[in-house]
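Please open the model in your viewer, with side chains available for display, and follow the selections in the order given below.

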Amino acid sequence: MQIPTTDGLADAFAAYPDHGEQHPGVLMNPDAFGIRPVIRDLAAELAGHGYYVLVPNFFYREGPTPIIDLPGHIGEADRSALVARLMPLIKELTPERVLSDADAYLGFLTAQPEVGAGPVAVTGYCIGGLLATRTAAAHPGQVAALAAFHAPVAADGPESLLRLTADVHFGHAATDITPEALGELNQSLEAAGVTYTSEIYPGTVHGFTMPDTDAFDPAGLRLHWDRLLPLLSRALAKG
């Protein structure tokens with residue numbers, strides 16, 4: 001699919017059930033390695049639970065997917081070189097660009113005939129989780145659920161959380177955040193009046209949801225589904 005934005009066309013794909021006419025919408029932001037088979041699998045599994053899932057290529061300004069060539073399995077030996085190539089692109093995702101793109105993505109998502117009326121959810125992995133958090137904060141009346149996994153969700157500071165009205169789940173890798181930092185983040189969420197769960201997934205490292213990397217943790221991925229599916233069911237049903 002092609003999503004019109006202020007800076008061009010963002011390539012994207014959608015996954016949704018092959019039964020029923022309309023479904024709640026979910027905007028899913030991939031990790032920094034972008035759209036690839038494991039992301040398609042995650043979107044398809046979520047769609048199988050009754051959701052229309054839209055996954056954009058947020059690096060579209062650099063070209064269509066794939067932005068860089070990836071090995072079939074991303075080992076630790078590959079990761080540092082790949083991240084070094086992607087980091088300049090990540091730095092170009094300024095807050096202004098992210099919010100402009102979010103407007104376009106949500107507008108496109110809610111205009112699809114297979115998407116029902118009502119609020120939507122945003123999810124994300126790694127840097128995609130930060131983009132999801134910014135999207136939810138910028139669209140408080142539209143985004144009812146936010147889920148981010150092994151993501152730098154606090155990168156914009158505690159004041160950014162004050163704009164969240166969505167029900168929230170943050171699933172942190174054990175290597176990404178200390179218990180002390182988690183406590184500070186959760187205190188900020190409480191002060192903002194956010195309905196949330198925010199926890200460290202035991203024994204995990206950054207990227208634990210991605211089966212095509214050495215970071216993958218099967219128990220972490222199962223816990224991700226155990227947290228994500230009830231969140232979406234509750235929040236979107238309320239809307």
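Select Y201 first in this predicted model: its relative accessibility is 0%, and so it counts as buried, the cut-off being under 20%. Then add F208, which is likewise buried, with a relative accessible area of 0%. With both rings displayed, their centres lie 5.1 Å apart and their planes meet at 40°, so the pair is classed as tilted.

How many aromatic pairs are there by this rule? The count comes to four, and another of them to select is that of F58 and F59, whose geometry is edge-to-face, with 4.8 Å from centre to centre and 75° between the planes. Both F58 and F59 are buried. For a ring with a charged neighbour, turn to F13, where R40 lies over the face of the ring at 4.4 Å from its centre.

Go back to the neighbourhood of Y201 and select A174, a residue of the loop between β7 and α5. Leaving aside residues up to four places away in sequence, A174 touches I200, Y201, G203 and T204. If you draw a C-alpha to C-alpha distance from A174 to V205, the viewer should give 5.8 Å, although 31 residues separate the two in sequence. Is A174 buried or exposed? The answer lies in between, because a relative accessible area of 32% makes A174 partly exposed.

Now switch to a cartoon view and colour the strands. Eight of them form an open sheet with mixed pairing, and in the order β1-β2-β4-β3-β5-β6-β7-β8 they can be followed across the sheet. Its edges are β1 (2-5) and β8 (196-201), each of which pairs on one side only, and the average twist from one strand to the next is 20°. At the β1 edge, β1 runs antiparallel to β2 (residues 8-15), and four bridges join the two strands; if you select Q2, its bridge partner in β2 is D11.

Which helices should be displayed against this sheet? One is α3 (residues 95-111), which packs on the sheet and touches β1, β2, β3 (25-29), β4 (52-56), β5 (120-125) and β6 (143-149), with its direction at about 135° to that of β1. Within α3, the buried residues to highlight include V98, D101, A102 and A104, together with Y105, L106, F108 and L109. The length of α3 can be checked as well: its 17 residues should span 24 Å at 1.5 Å a residue, and its end C-alpha atoms are 24 Å apart, which agrees. The other helix to display is α5 (residues 179-191), which lies across β7 (167-173) and β8 and runs at about 170° to β8.

The last stops concern the backbone. Select T65 and P66, which are joined by a cis peptide bond with omega of about 0°; P66 belongs to the loop between β4 and α2 (76-91). Move next to C126, in the loop between β5 and α4 (127-138), where phi is positive, about 55°, although the residue is not a glycine; at 15% relative accessibility, C126 counts as buried. Finish at H150, in the loop between β6 and β7, where phi is near 35°, again a positive value in a residue other than glycine, and where a relative accessibility of 1% means that H150 counts as buried.

Definitions and conventions. Residues are numbered from 1 along each chain as its sequence is written. This is a predicted model: local features need pLDDT of at least 70, side-chain atom pairs count only at pLDDT 80 or more; totals for chains, interfaces and linings use all residues. Side-chain values use heavy atoms; hydrogens and water are left out. Two strands pair if DSSP finds at least two bridges between them. Axes are lines fitted to C-alpha atoms, for helices over the stretch in contact, and angles run from 0 to 180 degrees between N-to-C directions. Contact means heavy atoms within 4.5 Å. Rings of Phe, Tyr and Trp (its six-membered ring) pair if their centres lie within 6.5 Å; planes under 30 degrees apart count as stacked, over 60 as edge-to-face and the rest as tilted. Buried means under 20% relative accessible area, exposed over 50%, partly exposed in between (1.4 Å probe, protein chains only). A charge sits over a ring if NZ of Lys or CZ of Arg is within 6 Å of the ring centre and within 35 degrees of the ring normal. The expected span of a helix is 1.5 Å times one less than its number of residues.
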